[in-house]
Amino acid sequence: MKKTLARWLDSDVGYSFRTSPMAMVAAAIAVVCVFCALFAGWVAPHNPFDLSTLELSDARLPPAWSAEGSRKYLLGTDDQGRDILSALIYGARISLVVGLASVLLSVVVGVALGLLAGFRGGWIDAVLMRLCDVMLSFPAILVALLIAGVGRALFPNAHESLAFGVLIFSISLTGWVQYARTVRGSTLVERNKEYVQAARVTGVAPLRIMRKHVLPNVMGPVMVLATIQVATAIITEATLSFLGVGAPPTSPSLGTLIRVGNDYLFSGEWWITVFPGLMLVLIALSVNLLGDWLRDALNPRLR
């Protein structure tokens with residue numbers, strides 16, 4: 001592990017990372033957020049979803065530094081007496097899981113279809129690209145809203161795992177298109193190069209050529225796009241949850257917390273919605289900055 005890390009730090013990408021303060025700060029923020037989300041049960045001071053520990057008398061308490069605040073709740077409480085800091089940690093875990101899972105599904109589907117369209121060409125390429133054109137004609141948020149809403153209507157009493165599955169599918173339904181078009185364009189360039197022609201002459205199967213030779217050489221743009229799309233997926237999930245068709249109410253994400261706090265924003269309880277909003281902005285900004293750095297690091301012309 002140490003040797004692998006040392007080799008990476010000595011590489012061109014590692015050097016670019018070490019000499020970019022913005023990338024290092026963004027990576028540190030992202031690592032802290034992911035760590036807190038993964039180990040929410042140990043990091044969070046309270047379990048905001050344990051109903052037996054909630055006290056309605058502690059509802060809508062301001063942050064600890066306010067005159068009416070309590071040291072027990074550093075960032076205050078919401079309308080149900082839940083600790084805002086703990087709710088942020090647990091909510092970030094849900095947002096990150098949904099965002100990462102939806103991007104992973106989009107990458108798998110988009111890369112596979114884009115690789116097939118670019119390498120095989122012909123009617124397969126034409127059909128897949130027209131399908132991409134159709135998907136791009138619909139706003140992604142509206143498609144996700146439609147699928148998530150229909151899924152909730154069809155399965156009103158569904159288990160949380162099914163509800164999250166529908167949510168991930170709804171975000172991925174239009175997300176794969178960008179990966180398919182990106183990989184197709186790169187594959188059209190790679191398939192005419194000498195190493196691919198040599199593999200064909202030696203009798204290597206087309207599937208093996210795509211998997212072993214072409215795929216590793218088209219993954220650079222996909223990694224950059226996937227990094228940036230994680231932030232987009234998290235914001236899309238927050239939007240759906242804010243509209244009431246995202247994460248289940250029993251497992252609220254950052255978007256749900258913002259929606260709950262929005263009802264109390266103009267009555268003076270600003271912390272209920274401001275802190276979840278800041279957490280969402282912090283996660284999305286750090287991921288976007290990492291994506292920008294990765295784009296520059298993998299393309300020497302942009303350094």
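# Briefing on an all-helix predicted model

Of the 303 residues that make up the protein chain, 43% count as buried. The model is a predicted one, and its chain holds 12 helices and zero strands. Taken along the principal axes, the C-alpha atoms of the protein chain fill a box of roughly 75 × 50 × 30 Å. Where contacts in the protein chain join residues at least 6 apart in sequence, 70% of them join residues at least 24 apart.

**Largest pocket**

- The largest pocket encloses about 430 Å³ of space, and its lining consists of 21 residues, with V34, L100, T227, V230 and V287 lying nearest the centre.
- Helices α3 (21–38), α5 (84–120), α10 (206–242) and α12 (271–298) each give at least two residues to the lining of the largest pocket, and the largest share, seven residues, is supplied by α12.
- Sorted by class, the lining of the largest pocket comprises 17 nonpolar, three polar and one charged residues.

**Second largest pocket**

- The second largest pocket has a volume of about 320 Å³; 20 residues line it, and those nearest its centre are A140, I171, T174, G175 and Q229.
- Two or more residues of the lining of the second largest pocket come from each of α5, α6 (122–136), α7 (140–154), α8 (160–190) and α10, with α8 providing the largest share, seven residues.
- By class, the lining of the second largest pocket has 11 nonpolar and nine polar residues, and no charged residues.

**Q229, a residue of the second pocket's lining**

- Q229, which is among the residues nearest the centre of the second largest pocket, is found in helix α10.
- With a relative accessible area of 14%, Q229 falls under the 20% cut-off and therefore counts as buried.
- Leaving aside residues up to four places away in sequence, Q229 touches V103, Q178 and Y179.
- K72 stands 157 residues from Q229 along the chain, and the C-alpha atoms of the two are separated by 37 Å.

**Nonpolar cores**

- The largest nonpolar core contains 51 residues, and L88 and I283 are those with the most contacts inside it.
- At least two residues of this core are supplied by each of α3, α5, α7, α8, α9 (194–201), α10, α11 (254–262) and α12, and the largest share, 13 residues, comes from α10.
- I283 touches C33, A92, L96, I234 and L254, when residues up to four places away in sequence are not counted.
- Apart from the largest nonpolar core lies another core, of 11 residues, which include F17, A23, A27 and A30.

**Aromatic pairs and a cluster**

- The structure holds six aromatic pairs, one of which is formed by F35 and F39, a tilted pair with 4.9 Å centre to centre and 45° between the planes.
- Both members of that pair are partly exposed, F35 having a relative accessible area of 46% and F39 one of 36%.
- In the pair of W65 and F275, the ring centres lie 6.3 Å apart and the planes stand at 90°, so this pair is edge-to-face.
- The pair of W65 and F275 links distant parts of the chain, 210 residues apart, since W65 sits in the loop between α4 (40–43) and α5 while F275 belongs to helix α12.
- W65 is exposed, with a relative accessible area of 56%, whereas F275, at 13% relative accessibility, counts as buried.
- W65 and F275 also belong, together with W270 and W271, to one aromatic cluster.

**S16 in helix α2**

- S16 is placed in helix α2, which spans residues 12–18, and is buried, with a relative accessible area of 15%.
- Not counting residues up to four places away in sequence, S16 touches W293 and A297.

Definitions and conventions:
Residues numbered from 1 in each chain as written. Predicted model: local features only at pLDDT ≥ 70, side-chain atom pairs only at ≥ 80, totals over all residues. Heavy atoms only, no water. 1 Å grid on protein atoms, 1.4 Å probe; cavity = no way out; pocket = protein on both sides within 12 Å on 5 of 7 lines; lining within 4 Å. Points joined across faces, edges and corners; volume = space filled by probe spheres on them. Helix = DSSP H or I, 4+ residues; strand = E, 2+ residues; numbered from the N terminus. Nonpolar A, V, L, I, M, F, W, Y, C, P; charged D, E, K, R; others polar. Core = buried A, V, L, I, M, F, W, Y, C linked by side-chain atoms within 4.5 Å. Buried < 20%, exposed > 50% of the residue type's maximum accessible area, 1.4 Å probe, protein only. Contact = heavy atoms within 4.5 Å. Phe/Tyr/Trp six-rings, centres within 6.5 Å; stacked < 30°, edge-to-face > 60°.
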